[in-house]
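Here are some notes to help you find your way around this structure. Keep the viewer open while you read, and look up each residue as it comes along.

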There are 2 protein chains.
Amino acid sequence: MEAREYTQANLDLLREQLEGGRMRAARVMVNSLHPSEVARLLESLPLKKRAMLWEIVDHDIEGDVLVEVADEVRDGLLEDMGTDELVAAVDGMEVDDLADLLVDLPEAVTKEVLQSLDKQDQELFLSRLLTNDPDEMVANVMSTDVMPIPANTPESEVVWEFENRDLLSAPVVDDNYRVLGRITVDDVVDVIRDEAEHSLMSAAGLDEEDDMFAPVVKSASRRAIWLGINLFTAFLAAAVVDQFQSAIDKVVLLAVLMPVVPSMGGVAGTQSLVIITRAIALGQINPGNAMGILRKEVMVGVLNGIGWAIFVAILTFWWFGNWHIGGILGAAMIINLVVAAAAGFGIPLALKKLRVDPALAGGVVLTTVTDVVGYMAFLGLGAIYLL
Amino acid sequence: MEAREYTQANLDLLREQLEGGRMRAARVMVNSLHPSEVARLLESLPLKKRAMLWEIVDHDIEGDVLVEVADEVRDGLLEDMGTDELVAAVDGMEVDDLADLLVDLPEAVTKEVLQSLDKQDQELFLSRLLTNDPDEMVANVMSTDVMPIPANTPESEVVWEFENRDLLSAPVVDDNYRVLGRITVDDVVDVIRDEAEHSLMSAAGLDEEDDMFAPVVKSASRRAIWLGINLFTAFLAAAVVDQFQSAIDKVVLLAVLMPVVPSMGGVAGTQSLVIITRAIALGQINPGNAMGILRKEVMVGVLNGIGWAIFVAILTFWWFGNWHIGGILGAAMIINLVVAAAAGFGIPLALKKLRVDPALAGGVVLTTVTDVVGYMAFLGLGAIYLL
């Protein structure tokens with residue numbers, strides 16, 4: 001049995017114990033788990049069972065578990081804890097982990113923790129000096145090949161340093177190059193995971209720190225905003241179709257086939273958008289290569305536009321026995337795929353200039369463009385050539 | 001100036017030198033970069049300039065650069081290298097990095113590399129033993145708190161181990177627990193980054209290892225497959241609309257408003273889909289909580305369906321002065337948002353059972369469902385109540 005399956009089996013057993021109220025057995029089991037496993041378990045439990053489990057977690061690992069759980073789950077757990085319990089929970093935690101946690105704690109707790117930290121910190125530095133040969137100079141003991149990271153460096157920049165230089169840890173310094181603390185690679189791994197989940201989830205208007213078991217009304221109102229933005233763009237598309245009422249009234253086949261062109265434009269545009277958004281994030285687009293990339297994306301749009309235009313023209317003729325509407329569908333497809341390629345290139349660059357996250361807004365803006373252009377090209381050509 | 005900006009300025013300068021043909025200055029500059037920076041630079045250059053740059057990279061770092069570049073870019077670089085050059089390039093590389101590279105090399109090179117590796121490996125182990133006190137027992141030197149990883153463990157499992165146990169490195173063993181090698185955290189960071197990019201890019205039918213500067217025809221034909229799959233689903237939607245030709249013929253407003261319901265269903269369904277797909281990947285869904293999660297997603301769909309139904313009914317009345325079509329639009333919206341929630345829950349679980357990657361196929365299957373149900377609900381209710 002592999003390690004993950006083994007853990008999964010353990011978690012299933014623990015879940016059964018919680019459900020059966022066998023709290024003594026559950027307590028033994030939960031406290032044999034790694035703090036991050038306890039965190040995953042808490043996240044996967046509905047609110048009531050989550051509170052039951054949190055009750056039986058040992059105080060020694062409570063702090064480490066709090067560092068690992070998603071923000072919203074953490075807020076819920078902290079709400080039910082008293083000051084003394086909180087101080088006990090964070091006692092003995094690593095300084096960098098503690099820094100993550102402090103912002104979420106009540107002021108009274110923060111104060112007490114910082115006082116106890118002062119003492120702890122002094123012991124810390126002492127022990128480092130004491131483990132070295134007393135005759136050795138500090139200059140010989142310290143490592144000098146590591147570039148220190150200024151304290152005000154953005155997270156994404158730190159990740160970039162760690163990834164590109166294969167670092168395991170790095171000192172954090174203030175403006176006078178005094179060491180304030182350190183960053184270790186396990187924190188960087190967490191940030192990379194968070195960033196990746198952020199890209200995926202923000203494209204659907206979601207936040208990666210949300211609790212899967214948040215109350216229905218809370219989740220519904222959060223997601224409603226994104227639906228509202230989309231409703232606006234859907235009515236924009238409807239307003240375009242509205243301009244062609246008389247054409248549809250005369251040739252109802254236009255209504256039947258009108259979903260095809262916007263849909264294909266959305267897919268082709270998303271392909272360019274994803275490639276460009278990633279290239280921006282990796283710092284791979286610059287004035288020297290931008291025009292070449294745009295030209296390539298547009299040429300891909302032209303080729304796929306022509307290819308699929310011929311295919312749909314034949315398909316439409318076979319279905320409806322009508323060459324005219326097939327030709328119009330094909331022509332509109334070419335137009336929309338070329339526009340989609342240019343939009344997939346230009347939108348993320350424009351959003352970046354406007355300091356809007358392309359991962360959040362790129363998809364909505366793009367599909368608005370490909371919907372409007374798609375309906376306009378197909379129904380417009382239909383109105384011109386079929387009436 | 002921050003480290004990343006500094007590097008960016010360096011890369012821009014280097015690019016200018018390449019363009020101006022100042023190869024001597026470029027050679028000095030490129031060989032002062034970290035191998036991963038050279039890799040990023042190669043990826044961001046069009047094919048001709050890329051070949052020019054590769055010419056002037058020092059042989060000592062060629063191997064490390066090859067490990068860092070995207071697969072397709074690497075293939076291009078390897079094509080132009082002779083056997084001797086390849087053997088020289090991989091000489092002195094770390095064993096775990098070398099393993100990544102070997103599969104892409106010609107057989108003649110692989111053989112020679114493996115022979116030289118045997119020697120190197122022996123020296124390696126020797127040096128480890130020699131740096132320890134000669135009177136010390138091996139049992140006391142080795143660390144025993146690390147769980148060894150079996151050689152046939154899947155990549156995702158290894159990542160899970162490293163993330164959840166904050167490991168820096170781990171031994172890899174065969175079935176008899178003999179140590180075959182080790183995995184270090186920098187390799188795991190690369191895998192996490194690749195996995196994240198895979199999720200993002202496969203949703204658009206793309207591969208994260210593709211070269212942004214691949215020839216137009218190659219890129220176009222790759223992306224064509226995804227467009228073809230989408231064309232099939234778009235014609236499926238058209239076939240649904242086709243069933244309601246006579247209704248649209250009588251009430252053309254149905255055609256004007258018909259994009260709204262499928263579009264809203266797609267967005268709401270994607271929200272559920274993203275949440276469930278992520279929960280599956282984190283191992284957070286189990287028979288004990290599945291029904292509760294489904295119930296919650298459906299309730300969110302009901303709430304948002306009702307909320308936006310009231311809003312669009314009012315909006316449609318204000319626009320067209322028609323309560324009937326507003327009511328139908330609202331009712332269809334509620335139906336589609338509930339179906340979308342259930343589909344967003346069920347599709348990734350079903351795909352996982354079928355051993356299909358939910359990140360790849362989830363979006364297409366979902367929007368097919370929300371398109372078909374959306375058109376059917378809106379036009380169907382229209383045909384029943386407006387004719």
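The numbered points below go from the overall make-up to single residues.

1. A word on conventions first. This is a predicted model, in which local features need pLDDT of at least 70 and side-chain atom pairs count only at pLDDT 80 or more, while totals for chains, interfaces and linings use all residues. Residues are numbered from 1 along each chain as its sequence is written, chains are lettered from A and ligands numbered from 1 in the order in which they are written, and side-chain values use heavy atoms, with hydrogens and water left out.

2. Chain A contains 19 helices and three strands (DSSP runs numbered from the N terminus: H or I of at least four residues for helices, E of at least two for strands). Of its 387 residues, 50% count as buried (buried is under 20% relative accessible area, exposed over 50%, partly exposed in between, with a 1.4 Å probe and protein chains only). Among the chain A contacts (heavy atoms within 4.5 Å) with a separation of 6 or more, 63% are between residues 24 or more positions apart.

3. Next, the core. The largest nonpolar core has 82 residues, and the members touching the most others are Ile248(A), Phe378(A), Ile248(B), Phe378(B) and Leu379(B). Such a core is a set of buried Ala, Val, Leu, Ile, Met, Phe, Trp, Tyr and Cys residues joined through side-chain atoms within 4.5 Å. Beyond four places in sequence, Ile248(A) contacts Val241(A), Leu254(A), Ala255(A) and Leu379(A), together with Ile248(B), Val252(B) and Ala255(B).

4. Do look along helix H13 of chain A, residues 216–242. Its 27 residues reach 36 Å from first C-alpha to last, close to the 39 Å expected at 1.5 Å a residue (the expected span being 1.5 Å times one less than the number of residues). H13(A) has a kink of about 30°, centred on Ala224(A); the bend is the angle between axes fitted to the seven residues ending there and the seven starting there.

5. Where are the aromatic pairs, and how many does a search of the whole structure find? There are eight over all chains (ring centres of Phe, Tyr and Trp, the last by its six-membered ring, within 6.5 Å; planes under 30 degrees apart are stacked, over 60 edge-to-face, the rest tilted). Trp308(A) and Phe311(A) form an edge-to-face pair, because their planes are at 85°, with the centres 5.4 Å apart. Both lie in helix H17 (residues 290–320) of chain A, three residues apart, about one turn of the helix. Elsewhere, ring pairs link Phe235(A), Trp319(B) and Phe320(B) into a cluster.

6. Stay with that pair a little longer. Trp308(A) is buried at 17% relative accessibility, whereas Phe311(A) is partly exposed at 43%. Leaving out residues up to four places away, Trp308(A) touches Met264(A) and Met333(A), and also Ala224(B), Leu227(B), Gly228(B) and Leu231(B).

7. Glu43(A), in helix H3 (residues 35–43) of chain A, counts as buried because its relative accessibility is 9%. Its side chain makes a polar contact of 3.2 Å with that of Arg40(A) (N or O atoms within 3.5 Å; within protein, one able to donate a hydrogen and the other to accept it, with residues adjacent in sequence counted only if both atoms are side-chain atoms). Farther along the sequence, beyond four places, the contacts of Glu43(A) include Arg50(A), Phe213(A) and Gln284(B).

8. Finally, visit Trp54(B) in helix H4 (residues 47–55) of chain B. Trp54(B) is buried, with a relative accessible area of 7%. Among the residues it touches more than four places away are Leu42(B), Leu66(B) and Met81(B).
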